[in-house]
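Notebook open, structure loaded. I want to jot down what I look up as I go.

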Amino acid sequence: MGIRLPIIFQAKSAIRRALSTATASEVPKGYLAVYVGENERKRHVVPISYLSHPSFQRLLRHAEEEFGFDHPMGGLTIPCREETFIGITCSLTCS
């Protein structure tokens with residue numbers, strides 16, 4: 001059984017791809033654009049510091065199971081309801 005790297009390292013290449021897209025100029029330094037939604041995807045910009053939070057890492061693991069980290073949209077896609085994502089990110093901001 002191999003050692004599994006933390007999710008934050010596995011997402012590193014997806015983050016680089018997302019930041020190197022044409023819309024990267026719209027994302028402030030220290031933030032990351034993610035696409036959220038089960039069917040219709042909506043773009044959200046979140047602080048990179050969220051990547052180390054356990055709640056956000058659970059979302060990343062779900063994204064990995066659903067898409068892997070090589071998604072055709074070129075960015076990090078999180079397959080959950082937008083309301084769920086907003087609730088989690090709101091709790092991270094408030095804590």
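**Entry 1: the whole chain.** I started with burial: of the 95 residues of the protein chain, 38% count as buried. Worth writing down at once that I am working with a predicted model. Next I listed the secondary structure, and the protein chain has four helices and three strands. Reading from the N terminus on, I get the order α-α-β-β-α-β-α. Then I looked at contacts: among those in the protein chain with a separation of 6 or more, 54% come from residues 24 or more positions apart.

**Entry 2: a helix pair.** At what angle do α3 and α4 pack? I looked up helix α3, residues 54–67, against helix α4, residues 82–94, and found about 150 degrees, with the axes 9 Å apart. The cut-off for roughly antiparallel is over 145 degrees, so α3 counts as roughly antiparallel to α4. I also checked the hand of the crossing of α3 and α4, and it is left-handed.

Which residues make the contact between α3 and α4? On the α3 side I noted S55, F56 and L59. On the α4 side they meet F85, I88, T89 and L92. Sorted by class, the contact of α3 with α4 has five nonpolar residues, two polar ones and no charged ones.

**Entry 3: aromatic rings.** F56 turned up in the helix contact, which sent me to the ring pairs. How many aromatic pairs does the structure hold? I get two. For Y50 and F56, the ring centres are 6.0 Å apart and the planes are at 55 degrees, so I filed this pair as tilted. The limit for edge-to-face is over 60 degrees, and stacked needs under 30, so 55 degrees falls in the tilted class.

Are Y50 and F56 buried or exposed? Both are buried. I then followed the ring pairs further, and they link Y50, F56 and F85 into a cluster. F85 is also one of the α4 residues that α3 meets.

**Entry 4: three spot checks.** I picked single residues and looked up where each sits, how accessible it is, and one C-alpha distance.

I86 first: its place is in helix α4. I86 has a relative accessible area of 41%, so I put it down as partly exposed. From I86 to V36 I noted 9.6 Å, C-alpha to C-alpha, with their positions 50 residues apart in sequence.

P28 next: I found this residue in the loop between α2 (12–19) and β1 (31–36). P28 comes out at 42% relative accessibility, and that again counts as partly exposed. The C-alpha atoms of P28 and V46 are separated by 9.6 Å, and the two residues are 18 apart along the chain.

Last, T77: this residue belongs to strand β3, residues 76–78. Buried or exposed, then, for T77? The relative accessible area of T77 is 3%, so T77 is buried, the cut-off being under 20%. T77 and E38 are 39 residues apart in sequence, and I read 9.7 Å between their C-alpha atoms.

Definitions and conventions: Residues are numbered from 1 along each chain as its sequence is written. This is a predicted model: local features need pLDDT of at least 70, side-chain atom pairs count only at pLDDT 80 or more; totals for chains, interfaces and linings use all residues. Side-chain values use heavy atoms; hydrogens and water are left out. Axes are lines fitted to C-alpha atoms, for helices over the stretch in contact, and angles run from 0 to 180 degrees between N-to-C directions. Helices (H or I, at least four residues) and strands (E, at least two) are DSSP runs, numbered from the N terminus. Angles under 35 degrees count as roughly parallel, over 145 as roughly antiparallel, 65 to 115 as roughly perpendicular and the rest as oblique. A crossing is left-handed if the near helix is turned anticlockwise from the far one by less than a right angle, and right-handed if clockwise. Contact means heavy atoms within 4.5 Å. Ala, Val, Leu, Ile, Met, Phe, Trp, Tyr, Cys and Pro count as nonpolar, Asp, Glu, Lys and Arg as charged, and the others, Gly among them, as polar. Rings of Phe, Tyr and Trp (its six-membered ring) pair if their centres lie within 6.5 Å; planes under 30 degrees apart count as stacked, over 60 as edge-to-face and the rest as tilted. Buried means under 20% relative accessible area, exposed over 50%, partly exposed in between (1.4 Å probe, protein chains only).
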